[in-house]
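Q: I'd like to learn how to read contacts between parts of a protein model. Can we go through one together?

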Amino acid sequence: MTRAMHIGTGVMALGTAFLLAGAFPVDGGKQTAVFHSPAFIAVCVALCLLLLLCCWQRRRAWRQIGFHLCHLGVVLALAGAAIDHFRSVSGEVQLPVGASFEATRMPGPGGVPVVFGFGIAATNFHVILYPPDYILFKKNQERLVRGDTYRVAADGTVAAGPYGRVSADRLRNADGTWAEMVMVADGVALRKSRQTPRSFEAVLRITSHGRPDRYERLAVNHPVAAHGWRFYLVSYDDEPALHVVLNARWAPGRACAMAGIWLLIAGTPLLCFRGRAAGEVGDAC
Amino acid sequence: MHVNEAVKTLICVAAAAYATAGFAFAFRRMRAGFAALAAGWLVNAAVIAVNWTVAGTPPLGSMYHVLVVLAVCLPPLYLFLAVRDRLTWLHAYFAFASVAPLVGALCMNPDTLWRRMPALQSAWFVPHVLAYMLSYALAAVAVVLAVTGMVRGRAGAAGCAVARPRGYDVAAHRILLLGFPFMTFGLLSGMIWADQAWSAYWSWDPKEVWSLITWMLYLVYFHCRKSASLRTWANAAHCLAFAALLTTFLLVNLLPKLSSALHSYATS
């Protein structure tokens, strides 16, 4: 074990102590300020330097590829995170749905607008809802008592416990929408609960001068990248008018951090399993 | 019978079978032990099948769901370690370790009305949670072995009969070497997923911070184990890492003061 690795272990323990300091809640929720403190950043920088030193000391041992991938992966991930910490810009855009509503800027820090340099518009927004659950209500001395909640089965029916199965026809209105209430016995009714979204998505139109308009699918877990910015569909609302809420983020360190993450994903099994295969359990990680 | 009651009965049967297997292994009734372990695993798998059918999607969305999955991971991991590392003597540890998550699941709401919210409709959902469950299952067995090794080592130092305290330490290390890549994948796949869903790969959310603390402490353990001068700290780092793991897995979800806004759907 080299001296650099020895010190590196101590620095990791120190970094963990900082993380613990920021993990325990304090009144006002200001504990996370420790993660942005110069001391914590200094610990991260020291760790990166020690990791690079460890790699340099083993520069001829290229058979230990897992070791290099892991250590360089951490350095890249921390470097990307540091770039984003100092340089990234992010904000929220509330965008009415429709081709005529175009946003070219968003509110930035301190109320100063951040200009994208291009326009975005959300169109073709639609929500896929789960079928509703039905809640049993029973009349008991002029009061309605809430009972069990029943889920709509794949065939569109509801098995309402002691009241038997309610057919799909009875649960649907003539226009195909779900019935608000279905009587299953005298004084016993199934009442529709609020439907929750399964997914929602829109088409994002990106317009910039001198270029044809681009149309991209925008959904939760499916952001759209344009001119260095990434747009994320976060939520939607139909009050006062239908609009979507987007997160917009410009993160110059993202690619570096992602490269580090993928190096770590590839390197860790190589490092841990190679040591085992070579019978060097104690030297594996 | 209501689905909740049927599932709870099945969980009781699986836990009883695992416990029977553990006692059978402890008393060297190997055939009975393996039969009970296999029976427990099949019933445990049946609970997952019921949960999957009810939810209509892989059942990994609540504490109840993941505790049931955690228990089902342990017997196959034992088989893997027995074949690969010849750690066949760990059967009782894995059998008893399978009981604990099922007892935990019995204390949770079976949550038969759980549905995947839009943020969970991702290809990363199953690999992220499953990788963490595999690593947690292995880490639980490893810490029991490490503590047993420490206790037996002390008993040996006090002049009592000792059974291979060094063997426990080596076995715990081998198990962690298998589990750590899964933990790393769980952490990093969560970052990639967060980058797609929440617009930032890291948000200093309590669940994220505690999972990073856990990961760092296991790293400290591995590095301490490599150095003769730091080796005495390895077991302490290991125990602290497991305490952090329990905080990440259970306390962040169950204690309101530590609660995670972004991972609130994991609370049962």
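Q: How many salt bridges are counted between domain 1 of chain A and domain 2 of chain A?

A: A salt bridge here is a side-chain nitrogen of Lys or Arg within 4 Å of a carboxyl oxygen of Asp or Glu. Between domain 1 of chain A and domain 2 of chain A the count is 0. Keep in mind that this is a predicted model, where local features need pLDDT of at least 70 and side-chain atom pairs count only at pLDDT 80 or more, while totals for chains, interfaces and linings use all residues. Side-chain values use heavy atoms, with hydrogens and water left out, residues are numbered from 1 along each chain as its sequence is written, and chains are lettered from A and ligands numbered from 1 in the order in which they are written.

Q: Where do domain 1 and domain 2 of chain A run?

A: The bounds come from an automatic or database domain assignment. Domain 1 of chain A covers 3–88 + 254–273, and domain 2 covers 90–128 + 197–250. Their C-alpha centres lie 34 Å apart. Contact means heavy atoms within 4.5 Å, and here it takes 4 residues from each of the two domains.

Q: What area is buried between domain 1 and domain 2 of chain A?

A: The size of an interface is often given as the accessible area lost when the parts come together. The probe is 1.4 Å and the loss is summed over both parts. For these two domains of chain A that comes to about 380 Å², with 43% from carbon and sulfur atoms. On the domain 1 side, Arg87(A), Ser88(A) and Arg254(A) supply 90% of the area buried against domain 2, more than any other three residues.

Q: And what does the interface of chain A and chain B look like by the same kind of reading?

A: About 5,000 Å² is buried between chain A and chain B, and carbon and sulfur atoms give 68% of that. The contact involves 60 residues from chain A and 55 from chain B.

Q: How many salt bridges are there between chain A and chain B?

A: The count is 3. A salt bridge joins the side chains of Asp195(B) and Arg254(A), at 2.8 Å, N to O. Arg254(A) also turned up above, among the three residues supplying 90% of the area domain 1 buries against domain 2.

Q: Which element gives the largest share of chain A's side?

A: Helices (H or I, at least four residues) and strands (E, at least two) are DSSP runs, numbered from the N terminus. The largest share of the side of chain A that touches chain B comes from α5(A), with 12 residues.
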